[in-house]
Structures are given as C-alpha cells and as structure tokens.
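Q: Please take a close look at one part of this model and describe how it is packed against its surroundings. Begin with the chain as a whole, then move to the part itself.

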Amino acid sequence: LQRLQLLAMLASYIDEEHDLAKLHEMESDISRLALQLPERRDDIADLWAQLAGAYSTLNVLSDSLRLANKAMATAAGRPSVGVYRAWLVISIAYMHQGKIAEAIDALRAAQKVSVALHMPDDALLLTSFGVLYIYAG
C-alpha cells in the first residue's frame with residue numbers, strides 16, 4: 001500500500017517541480033518503484049512520461065527524450081497513457097530542435113495511441129499539431 005501511495009504522490013508532484021536536483025531524485029524514486037511494482041508497468045510508464053515532460057519544461061531535452069523513450073520501453077509496445085504522453089514530449093523536443101518531420105511523426109504516433117485507447121480528442125494534441133503547423137511555416 002505504501003508503494004502505491006508513493007506512486008500516486010509522485011504523479012501529483014512531478015508536474016509542479018521545477019528543480020533539476022529534485023527531478024533527478026524523482027527519477028531514482030521511479031526506478032525503485034519500477035523494480036518493486038512490476039505489475040504497475042503502465043503507471044510507471046506514465047510517471048516516466050510525466051518526468052520527461054518536466055525536463056522538457058526546463059528545456060533539458062536530452063533527459064526529456066531519454067525518459068520519454070524509457071516510458072515507451074516500460075510499456076513494452078502496448079498503447080497506454082504513458083506512451084501517449086511520451087510521444088507528445090518527443091514531438092515537443094523535436095520541435096525545439098527544428099526537426100519538423102520527426103515532430104510530425106511523433107504527433108502522428110501519439111494520435112494513433114489515442115485512437116487505440118479510445119481517448120476523446122485531446123486539446124494538447126490538437127494544439128501541438130497547430131503549433132507545429134505555424135512553426136513549420
């Protein structure tokens with residue numbers, strides 16, 4: 001029960017954190033939880049994707065991409081919210097790097113996951129397509 005509570009706490013704090021040292025601590029916490037809660041693979045993948053987004057917010061794109069890919073590896077090819085978020089984070093990182101074709105591919109992958117999960121249209125996904133359209137000129 002305590003591990004599940006920690007999982008929930010981490011999920012609620014990640015998006016609010018803007019301190020790199022604390023994000024690195026959270027990365028260690030998630031690694032430990034992943035070992036202790038292998039049956040919660042989708043939740044762990046979502047935490048990795050959230051943490052990737054936090055790094056993206058701080059413009060630490062290498063860590064952002066690394067953890068987004070870790071989220072997808074954790075989900076082991078199954079569609080999940082974590083994989084969806086990971087693709088969005090990857091698209092943002094590629095946009096920042098001026099890799100427009102890769103950003104488009106990542107957004108398309110996010111859209112495929114959202115369809116597979118029967119998610120309603122997501123404002124972030126639609127906004128990301130719009131921003132990419134403007135950014136690409």
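A: Of the contacts (heavy atoms within 4.5 Å) between residues at least 6 apart in sequence, 61% join residues at least 24 apart. The model is a predicted one, in which local features need pLDDT of at least 70 and side-chain atom pairs count only at pLDDT 80 or more, while totals for chains, interfaces and linings use all residues. Residues are numbered from 1 along each chain as its sequence is written, and side-chain values use heavy atoms, with hydrogens and water left out.

The protein has seven helices and zero strands, so defined as DSSP runs numbered from the N terminus, with H or I over at least four residues for a helix and E over at least two for a strand. The order of elements from the N terminus is α-α-α-α-α-α-α. Of its 137 residues, 40% count as buried; buried means under 20% relative accessible area, exposed over 50%, and partly exposed in between, with a 1.4 Å probe and protein chains only.

The part chosen here is helix H5, residues 81–96. Its setting includes the largest nonpolar core, which has 37 residues; such a core is a set of buried Ala, Val, Leu, Ile, Met, Phe, Trp, Tyr and Cys residues joined through side-chain atoms within 4.5 Å. H5 supplies at least two residues of this core, as do H2 (20–36), H3 (41–57), H4 (61–75), H6 (100–116) and H7 (123–136). The largest share, nine residues, comes from H3. Trp48 and Leu51 have the most contacts inside the core. In soluble globular proteins, nonpolar side chains tend to be buried together.

Three helix partners of H5 can be taken in turn. The axes of H3 and H5 come within 7 Å and cross at roughly 20°; axes are lines fitted to C-alpha atoms, for helices over the stretch in contact, and angles run from 0 to 180 degrees between N-to-C directions. That angle makes H3 roughly parallel to H5, since angles under 35 degrees count as roughly parallel, over 145 as roughly antiparallel, 65 to 115 as roughly perpendicular and the rest as oblique. The crossing of these two helices is left-handed, that is, the near helix is turned anticlockwise from the far one by less than a right angle, clockwise being right-handed. H3 takes part through Ala45, Asp46, Ala49, Gln50, Ala52, Gly53 and Ser56, and H5 through Val81, Gly82, Arg85, Ala86, Val89 and Ile92. By class, these residues are seven nonpolar, four polar and two charged, where Ala, Val, Leu, Ile, Met, Phe, Trp, Tyr, Cys and Pro count as nonpolar, Asp, Glu, Lys and Arg as charged, and the others, Gly among them, as polar.

H4 packs on H5 at an angle of about 155°, with the axes 9 Å apart. The two are therefore roughly antiparallel, and H4 passes H5 in a left-handed crossing. On the H4 side the contact involves Leu61, Ser64, Leu65, Ala68, Asn69, Ala71, Met72 and Ala75; on the H5 side, Gly82, Val83, Ala86, Trp87, Val89, Ile90, Ala93 and His96. This contact has 12 nonpolar, four polar and no charged residues.

The third partner is H7, which packs with H5 at about 15° with the axes 11 Å apart. H5 and H7 are roughly parallel to each other as a result, and their crossing is left-handed. Tyr84, Leu88, Met95 and His96 of H5 meet Leu124, Leu125, Ser128, Val131, Leu132 and Tyr135 of H7. Eight of the residues in this contact are nonpolar, two are polar and none is charged.

Within H5, valine 83 is buried, with a relative accessible area of 7%. Apart from neighbours within four places in sequence, valine 83 contacts Met72, Ala75, Arg78 and Val113. Alanine 109 lies 26 residues away from valine 83 in sequence and 9.3 Å away in space, C-alpha to C-alpha.

One residue of the loop between H4 and H5 is alanine 76. Its phi is near 55°, a positive value in a residue other than glycine. Most residues other than glycine have a negative phi. Alanine 76 is partly exposed, at 47% relative accessible area.
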